[in-house]
Amino acid sequence: MIKHLQNSLLMVAAFTLICGVAFPLLVTGIAAVIAPSQRNGSMVIVKGREVGSALVGQAWTSEKYFHGRPSAIGNQPLPSGGTNRTVASAAFRKDVAVLRDSLAKQNEVEGAAIPSDLVMASASGIDPHISTEAAQVQVTRVMKARGLASSRRAHVEQLISAATDQPLVGIFGMARVNVLRLNIAMDALRQ
């Protein structure tokens, strides 16, 4: 009986060291060599300063920036999550309607033109992307806030294209715009 207990405790200790220490250290070491940027959170650095992560959405409030998806958790990665409200919820429908009306007024478009990803939070609450339609709806507002002439619209649309990630192997998912990359490009744009 004591022999079985000793063997069991030895196995628990061995697997704890293997699975809880050795394997995580091995994976972390491999990640440091193969994908150092991703291992460190895909941080984006501009002029020597960290401005955010390419993988975590931010709350953009200034009119001169493209806005991302709303977040039920304030874009905090820990803990990530949604509201768990459904379209059957009156509170959900009211919140969406209020946000849609506000965005329509802000962007000078009809409420029906506001894409759903600008009024509904993602399941994680930290999605850094918006649809290309959501970016297009905001172009006029952003250009006006930055004092850009309407003749520069094609250039802004090129920046949107450059910040757009295409579907995986052309079929999985949809084209989506990384809001951080787009706003960095807008800041670099000359008047």
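A residue counts as buried when its relative accessible area is under 20%, as exposed when the value is over 50%, and as partly exposed in between. In this predicted model, that scale helps to describe the residues that take part in salt bridges, of which the count comes to 7.

One of these bridges joins Glu63 and Arg141, whose closest N and O atoms are 3.8 Å apart. Because Glu63 sits in the loop between strand E2 (49-53) and helix H3 (90-107), while Arg141 belongs to helix H4 (residues 132-146), the pair ties together parts that are 78 residues apart in sequence. Arg141 has a relative accessibility of 5% and is therefore buried, whereas Glu63, with a relative accessible area of 31%, is partly exposed.

Another salt bridge is formed by the side chains of Arg85 and Asp95, with an N to O distance of 2.8 Å. Here Arg85 lies in the loop between E2 and H3 and Asp95 in helix H3, 10 residues apart, and the pair links distant parts of the chain. Arg85 is partly exposed at 33% relative accessibility, and Asp95 is likewise partly exposed, its relative accessible area being 40%.

A further bridge, between Glu157 and Arg153, lies within helix H5 (residues 153-162), where the partners are 4 residues apart, about one turn of the helix. Glu157 is partly exposed at 28% relative accessibility, and Arg153 is also partly exposed, at 28%.

The N to O distances of these pairs are set out below.

| Salt bridge | N to O distance |
|---|---|
| Glu63 – Arg141 | 3.8 Å |
| Arg85 – Asp95 | 2.8 Å |
| Glu157 – Arg153 | 3.0 Å |

Notes: Residues numbered from 1 in each chain as written. Predicted model: local features only at pLDDT ≥ 70, side-chain atom pairs only at ≥ 80, totals over all residues. Heavy atoms only, no water. Salt bridge = Lys/Arg side-chain N within 4 Å of Asp/Glu carboxyl O. Helix = DSSP H or I, 4+ residues; strand = E, 2+ residues; numbered from the N terminus. Buried < 20%, exposed > 50% of the residue type's maximum accessible area, 1.4 Å probe, protein only.
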